[in-house]
Amino acid sequence: MAAPQIVAARAASGGGVDVDAIRALEHAAAVVHGHTVLGDAVWRDLAAPQPDSAGFFARSPEGGHLGYVHVARSDSFAGPHWTVGLVVQPRTGDATAPPALLDAAVRHVGMHGGGRLVLWQFDPTDADDAASQQAGFGVERDLYQMRVPL
């Protein structure tokens, strides 16, 4: 399978981020996986982007969206770092898009002073872990989300 085209979509005011396309990818992934994929930090940054945050789409040769990665400086108090959110079109079976998107995020951070990148993935599969590791990420820990109805 040919490598996807990675297209930068700067997440800044007046930038070219196609939020409808991101929502469509998120919806498709949620239908298949049974949960949303992108975290709240991505949506907050898309609504009020930081100057050096960025988004990248992976496009098929036909021009369809295969995935999206969002990278921004963290808005938490856990020490300075960058957060990465990744969503891919689950029905394509394209294994090249996730590592290519993560590579784009890593390059972006490198061009903006470097630092620690944290990729949050809810219930990652072995394929998700492999794509992350291919882009240089390593599993640091597993977190569990537990809920109770109130």
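Helices here are DSSP runs of H or I with at least four residues, strands are DSSP runs of E with at least two, and both are numbered from the N terminus. This is a predicted model, in which local features need pLDDT of at least 70 and side-chain atom pairs count only at pLDDT 80 or more, while totals for chains, interfaces and linings use all residues. Residues are numbered from 1 along each chain as its sequence is written, and side-chain values use heavy atoms, with hydrogens and water left out.

**View A. Gln133, a residue of helix H4.** With 48% relative accessibility, Gln133 counts as partly exposed; that label covers whatever falls between buried (under 20% relative accessible area) and exposed (over 50%), using a 1.4 Å probe and protein chains only. For a sense of scale, pick Arg23 as a partner: the two are 110 residues apart in sequence, and their C-alpha atoms are 26 Å apart.

**View B. Three residues from the segment after H4.** Gly136 is in this segment, as are Gly138 and Arg147; H4 itself covers 126–134. Gly136 is exposed at 64% relative accessible area, and its C-alpha atom is 29 Å from that of Ala47, 89 residues away along the chain. Gly138 is exposed too, at 61%. Between Gly138 and Leu119 there are 9.5 Å, C-alpha to C-alpha, for a sequence separation of 19 residues. Arg147 is exposed as well, with a value of 71%. From Arg147 to Val7 the C-alpha distance is 37 Å, and the two are 140 residues apart along the chain.

**View C. The one aromatic pair that a search of the whole structure finds.** Phe57 and Tyr68 are the partners, with ring centres 5.0 Å apart and planes at 50°, so the pair is tilted. (Rings of Phe, Tyr and Trp, the last by its six-membered ring, pair if their centres lie within 6.5 Å; planes under 30 degrees apart count as stacked, over 60 as edge-to-face and the rest as tilted.) The pair links distant parts of the chain: Phe57 belongs to strand E2 (residues 54–59) and Tyr68 to strand E3 (residues 65–73), 11 residues apart. Are these rings on buried or exposed residues? Phe57 is buried at 2% relative accessibility, and Tyr68 is buried at 0%.

**View D. The largest pocket, with a volume of about 1400 Å³.** The grid has a 1 Å spacing over the protein atoms alone, and a pocket is an open set of points where a 1.4 Å probe fits, with protein on both sides within 12 Å along at least five of seven lines; a lining residue has an atom within 4 Å of a point. Points are joined across faces, edges and corners, and the volume is the space filled by probe spheres set on them. The lining takes in 41 residues, and Leu119, Trp120, Gln121, Phe122 and Leu143 lie nearest the centre. Helix H2 (40–47), strand E4 (82–88), strand E5 (117–119) and H4 are the elements that give two or more residues to this lining. H2 has the largest share, with five residues. By type, the lining splits into 17 nonpolar, 13 polar and 11 charged residues. Here Ala, Val, Leu, Ile, Met, Phe, Trp, Tyr, Cys and Pro count as nonpolar, Asp, Glu, Lys and Arg as charged, and the others, Gly among them, as polar.

**View E. The second largest pocket, at about 560 Å³.** This pocket is lined by 28 residues; nearest its centre are His33, Val88, Pro98, Thr125 and Asp128. At least two lining residues each come from helix H1 (19–33), E4, helix H3 (97–111) and H4. Which element gives the largest share of this lining? H4 does, with six residues. The mix is 16 nonpolar, nine polar and three charged.

**View F. Helix H1 and its buried face.** H1 has 15 residues and its end C-alpha atoms are 21 Å apart, which agrees with the 21 Å it should span at 1.5 Å a residue. (That expected span is 1.5 Å times one less than the number of residues.) Ala21, Ile22, Leu25, Glu26, Ala28 and Ala29 are its buried residues. Down the axis of H1, they fall within an arc of 160°, so they line one face; the arc is that of the directions from the helix axis to the C-beta atoms. As background, an α-helix has 3.6 residues a turn, so residues three or four places apart point the same way. Asp20 and His27 are exposed on the face of H1 turned away from the buried side.

**View G. Helix H2 and its buried face.** Val42, Asp45 and Leu46 are buried in H2. Viewed down the axis of H2, these buried residues fall within an arc of 100°, so they line one face of the helix. Turned away from that buried side is the face carrying the exposed residues Asp40 and Ala47.
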